[in-house]
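Visitor: Before we begin, I would like to hear how each term in your description is justified.
Guide: Then let us take the terms one by one, with the structure in view.

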Amino acid sequence: PDAPPLNLPHGRSLGLTLRPISGGQTPLVTNAIPASCAGKGRGVVAARDIAPGELLILSSPLLFLASSDGCIPEMDELLTELYNRPMSAIDRRLLMALHNGTEHSADGGAPKPQPLPDFATAGGRDSGSDSGHDSRLAAPELPSLLSLDELGHEARAGVLALNAYGEEAPDLVLTLARRNARRAVSATAAGGAPGAAADGGPRTGGVCGAVDDIGHAHIGLWPDFAMLNHSCTPNATNFTVVDRMIVRAAVPIAKGAEVVINYLGRGALSPLQQRRDALLHAYGFECGCERCSAEAPSGRLAEASKRVEEMWVFLAEELVPSLEAAAQSGDAHGTAAANSALDGLVDELDVLLGSQHGIGGVDGVDLAWIQASAFELLSMHCTSCEMRWASDLGDSSGTGGSISNSNGSRISGSKGSSSCSNTSSSRSDIRGGIAQSTRANPAAATRRLLQVASVASPSSDLHLLLALKMLSLEQQASGPGSEAAGAALADVESVLQIRYGPVGRHGVSTLLAAAADALNRTML
């Protein structure tokens, strides 16, 4: 059963009680409209000026499968569902409006979809009728199976391959918030104090955890969401809650500007060639977004892009295997050598960034893009800093810190490599760690990752968790009431309000507690 709504201001429930919709597909496209995009076929543009955090799309799925074993259902299973699911007339039109890879338009070879139904009048007046007959007064058409004449075998497989979306779990923070609300209600019903069960019960490791505890792996087809094009610099963020797809603006979007999302997840934080190879393999196109164009051989960041690619290859093929081998064998000398090599790569990256300042047209965003392509290097270096810092302080476990809200109340313990906290050290020890050079400074390394994510992956789950990790470090270093910790808390709250919409103070506190729990479960 669905959890009861959270007691949020103004009756908002953040979609936490959304229930599956039976019957026809009735998407809510609030501030975005389908449009023709040059060289891309169809896309989605902003219907007006959009502020960060505004809802763009809220959609129920045309097809949806969830798995109880924690694994994303196979595409063949979704294809079988497509064959067996009766569809209404509007379902058919939505499905056949999607790219399927079997037809091509003249503008750059983009797949050519069928005409799109008007979402505003779907199920109402039939705009294709010359008689002016109002279909709302007629008997509703009963759903029926899609015929092969309407959509053949190849086209069915193509439309799913190019448009279906799957993930191992719904949005982790909202899922945990729903779980906590459910536990609180259960505790109250059993005679306990409200909220007493929110922190109780077993917890499981990893990002997904147990299916009943975190959520189901799933795959689905949301036709209106599927019309969003990709960019390696997305301006919108998306996630699922139960079976709903939610898309919100991550940055300001001008009226008429294309709304774009990231198809690659963390893979977008890779060098140019790795991104393009992944998109070509999965979706059959080469990305030409602003970032990719800047990093291409003819772009202003071409030289830096080439060197970052070489660093990435060295990291993946030589440095990571060396670190793993040293860790498995307990080779302290090998670990030290690998850490030194990591330091050297980061130093070289900094020199590379410095050299870009003299190139015409290169600005701070460009420098963030270069670092985004080197994100895995910076992330590994951050982990190395955490391990060395904890070792220097005499605690290799890295457990025990806490995160507090704006009232100073403790929210959650921080543990594992995602927090780099240390129970045995004093606050002055932590301040000393933050004041050290970047090579042994997890706070500086985390701050750098956060700055890159805020530009290259705004309001993503990664951005949120890095902001929360930074908050934990600042609170440990200077205390929850410090100016630095206050600024870090404001940053976390800003990301929450953009990712999940305006929810009020109580909603922010609820989500902050769930995000702290999510951080404990996640390896950044």
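**Terms and their grounds**

Guide: In this predicted model, strand 2 and strand 3 form a hairpin with 3 residues between them, and G39 in the turn has a positive phi of about 75°.

Visitor: How do you know that strand 2 and strand 3 pair, and in which sense?
Guide: Pairing requires at least two bridges between the strands; strand 2 (residues 32–37) and strand 3 (residues 41–46) have 6 bridges, in the antiparallel sense, so they count as paired. One of the partnerships joins C37 to G41 in strand 3.

Visitor: Why is the sheet with the order 5-7-6 called open?
Guide: Its 3 strands pair in the antiparallel sense, and strand 5 (63–67) and strand 6 stand at the edges with a single partner strand each, so one side of each is left without a neighbour in the sheet. From one strand to the next, the twist averages 10°.

Visitor: What makes strand 5 and strand 7 partners?
Guide: Strand 5 and strand 7 (residues 217–221) share 5 antiparallel bridges, where at least two are required, so the pairing holds; A66, for instance, has H218 in strand 7 as its bridge partner. Helix 1 (residues 75–84) packs on this sheet, touching strand 5 and strand 7, and its direction makes about 135° with that of strand 5.

Visitor: What makes up the lining of the largest pocket, by class?
Guide: The pocket has a volume of about 1400 Å³, and among the 50 residues that line it, Y165, E167, G265, R266 and D461 are the closest to its centre. By class, the lining has 35 nonpolar, 9 polar and 6 charged residues, with glycine counted as polar.

Notes. Residues are numbered from 1 along each chain as its sequence is written. This is a predicted model: local features need pLDDT of at least 70, side-chain atom pairs count only at pLDDT 80 or more; totals for chains, interfaces and linings use all residues. Side-chain values use heavy atoms; hydrogens and water are left out. On a 1 Å grid over the protein atoms alone, a cavity is a set of points where a 1.4 Å probe fits but cannot get out, and a pocket is an open set with protein on both sides within 12 Å along at least five of seven lines; lining residues have an atom within 4 Å of a point. Grid points are joined across faces, edges and corners, and a volume is the space filled by probe spheres set on the points. Helices (H or I, at least four residues) and strands (E, at least two) are DSSP runs, numbered from the N terminus. Axes are lines fitted to C-alpha atoms, for helices over the stretch in contact, and angles run from 0 to 180 degrees between N-to-C directions. Contact means heavy atoms within 4.5 Å.
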